[in-house]
Amino acid sequence: MTSTNPEPASRFLRACAGLPVDATPVWFMRQAGRYMPEYRRIREKFSLLEIVERPEIAAEVTLQPVQALGVDAAILFADILLPIIPMGLKLEFAKGEGPLIHNPIHGIGDVNRLRRLDSRTELGHVMETIHLLRGELPAEVPLIGFAGAPFTLACYMIEGSGSRDYRHAKSLMLSQPKTWQALMEKISEALVDYLLAQIDAGAQAVQLFDSWVGALSPADYVTYVQPYSSLVLQTVAKTGVPVIHFGTGTTSLLEHMQAAGGTVIGLDWRVPLDDARRRLGWNQPVQGNLDPVDLFTPLPVLQQRVEDVLHRAGGQPGHIFNLGHGILQHTPVENVRAIVELVHEKSAELRESV
Ligand code: CP3
């Protein structure tokens with residue numbers, strides 16, 4: 001594995017390691033998707049799951065934003081919910097409604113029925129996509145693999161869909177702690193298997209998406225979630241491959257997320273980047289954190305907002321520019337492209353003036 005590798009050459013991997021860069025690397029969560037006409041053309045022919053099951057097409061979709069935007073990293077085209085299918089849950093992406101699970105978890109019987117994941121065989125198509133991509137991506141554009149974090153996956157498995165308040169998931173967590181523990185252990189074991197398989201297949205970094213963790217208080221995070229996220233993050237970190245630990249609504253959780261693990265901490269837009277860097281320490285690499293809605297503003301406003309994030313990063317190494325959450329569906333592509341240019345140009349200028 002890569003722990004003995006020499007200093008990485010790409011901007012993205014250098015920033016993950018806290019090393020100086022010529023310009024701040026930038027990529028976007030959900031950079032492949034419906035805001036892009038190239039993606040919509042493929043979606044006319046295939047469903048989301050059909051794309052993911054066809055490695056050539058999944059690789060093509062992964063490459064679309066790399067070619068159209070000039071980003072500094074590619075993110076594997078897949079979904080955080082893929083592992084729950086071989087674990088035994090019936091997942092559907094319903095039109096206009098997002099993910100739907102037809103047999104969600106209600107109690108210990110359902111948890112006991114979950115199957116142990118063997119990613120290399122049961123998600124072999126994902127590994128094949130990674131393999132194809134490593135052959136196609138230029139050396140300066142590393143490939144990021146990913147998975148959902150234990151809490152966010154548990155929420156989907158219990159709620160059966162997205163939710164405003166996660167009341168089924170959180171009430172199971174509080175009222176059936178043994179069931180919660182058994183579920184989180186099974187999910188964590190599956191995630192370790194899945195992420196290590198992605199790294200073996202060629203992923204050069206991985207991101208753990210704890211998209212819904214902001215629903216928790218710090219005390220509940222520490223008691224019910226941190227041990228499992230920590231197990232996944234610490235086990236994967238042993239490979240030497242950088243791990244990005246991301247969540248949203250995490251302003252009150254950042255130090256606890258940092259303690260759980262992650263080479264890089266992903267920030268949403270609700271926390272000023274300089275505050276977060278002060279709290280986590282300037283030698284903690286961070287990723288973020290433009291508000292995805294800023295991409296709907298006219299260019300002069302957008303430019304000011306991008307520059308604000310760069311200024312708050314303080315011209316210090318260890319910053320990867322990204323949004324605070326995924327690109328929204330109707331985002332104008334030209335604004336996404338403009339950000340990439342702006343980040344490269346302005347961050348290089350800032351470095352010269354430091
Ligand atoms: O470009 C990339 O970032 C890589 C691909 C990617 C997808 N999903 C493809 C996808 C990634 C990294 C994800 C992660 C994911 N999936 C998350 C975590 C990130 C986040 O946004 O918080 C979550 C919560 C999911 C679960 C999920 N998948 C939802 C809630 C939805 C429906 C949302 C919607 O926009 O309809 C999906 C579907 C999905 N996954 C789409 C894409 C491009 C939209 C689907 C389509 O083409 O129909």
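1. Which residue of β4 is the bridge partner of Ala74? The partner of Ala74 is Leu143. This pairing belongs to a predicted model, and the remarks that follow should be read accordingly. Ala74 sits in strand β1, which covers residues 74–75 and pairs with β4 in the parallel sense over two bridges.

2. Strand β4 deserves attention in its own right. The strand spans residues 143–148, and six of its six residues are buried, so β4 is largely enclosed by the rest of the structure. Its side chains point in two directions: Leu143, Gly145 and Ala147 point one way, while Ile144, Phe146 and Gly148 point the other way. Residues on both sides of β4 are buried.

3. From β4 the pairing continues to β5. Five bridges join these two strands, which run parallel. Within this pair, Ala147 stands opposite Leu208 of β5. Leu208 also stands opposite His245 in β6, and so the student can follow a path from Ala147 through Leu208 to His245. Strand β5 comprises residues 205–210 and is joined to β6 by five bridges, again in a parallel arrangement.

4. Is strand β6 enclosed or open? Five of the five residues of β6, numbered 243–247, are buried, so the strand is largely enclosed by the rest of the structure. Val243, His245 and Gly247 point one way from β6, whereas Ile244 and Phe246 point the other way.

5. Strand β7, residues 264–266, is joined to β6 by three bridges, and the two run parallel. Here the bridge partner of Phe246 is Gly266. Between these strands the chain passes through helix α13, residues 254–260, and this β-α-β crossover is right-handed.6. The search for disulfides gives a plain result: the structure holds zero disulfides. A disulfide is a covalent bond between the sulfur atoms of two cysteines. Among the cysteines, Cys16 counts as buried at 2% relative accessibility, and Cys155 is buried with a relative accessible area of 1%.

7. How many salt bridges does a search of the whole structure find? The search finds 16. One of them links Arg14 with Glu7, whose closest N and O atoms are 3.0 Å apart. The two partners differ in their surroundings: Arg14 is buried, with a relative accessible area of 18%, whereas Glu7 counts as exposed at 56% relative accessibility.

8. Another salt bridge lies within helix α5, residues 108–113. Asp110 and Arg113 are three residues apart in this helix, which means that about one helical turn separates them. Their closest N and O atoms are 2.8 Å apart. Arg113 is exposed, with a relative accessible area of 59%.

9. Helix α15 offers a further example. Arg312 and Asp308 meet through their side chains in a salt bridge of 3.0 Å, N to O. Because these residues are four apart in the helix, they are separated by about one helical turn. Arg312 is partly exposed, with a relative accessible area of 29%, and Asp308 is also partly exposed, at 36%. This pair belongs to a network of salt bridges that links Asp274, Asp275, Arg278, Asp308 and Arg312.

10. A nonpolar patch on the surface is formed by Val293, Phe296 and Leu328, with about 250 Å² of accessible area together. Val293 is placed in the loop between β8 (286–290) and α15 (299–313). With a relative accessible area of 47%, Val293 is partly exposed.

11. The backbone also merits comment. Most residues other than glycine have a negative phi, and most peptide bonds are trans. Against this background, the peptide bond from Gly288 to Asn289 is cis, with omega near -10 degrees. Asn289 lies in strand β8.

12. Where is Arg30 found? Arg30 is in the loop between α1 (11–16) and α2 (37–45). Although Arg30 is not a glycine, it has a positive phi of about 60 degrees. Arg30 is exposed, with a relative accessible area of 59%.

13. Tyr166, a residue other than glycine, likewise has a positive phi, near 55 degrees. Tyr166 lies in the loop between α8 (150–159) and α9 (167–175). At 8% relative accessibility, Tyr166 counts as buried.

Notes: Residues are numbered from 1 along each chain as its sequence is written. This is a predicted model: local features need pLDDT of at least 70, side-chain atom pairs count only at pLDDT 80 or more; totals for chains, interfaces and linings use all residues. Side-chain values use heavy atoms; hydrogens and water are left out. A disulfide is a pair of cysteine sulfur atoms within 2.5 Å. Buried means under 20% relative accessible area, exposed over 50%, partly exposed in between (1.4 Å probe, protein chains only). Two strands pair if DSSP finds at least two bridges between them. A crossover is right-handed if, with the strands pointing away from the viewer, the path from the first strand over the helix to the second runs clockwise. Patches are made of residues with over 30% relative accessible area and no salt bridge: like charges are joined within 9 Å, nonpolar side chains (Val, Leu, Ile, Met, Phe, Trp, Tyr) within 5 Å. Accessible areas come from the Shrake-Rupley method with a 1.4 Å probe; for residues, only the protein chains shown count as cover. A salt bridge is a side-chain nitrogen of Lys or Arg within 4 Å of a carboxyl oxygen of Asp or Glu.
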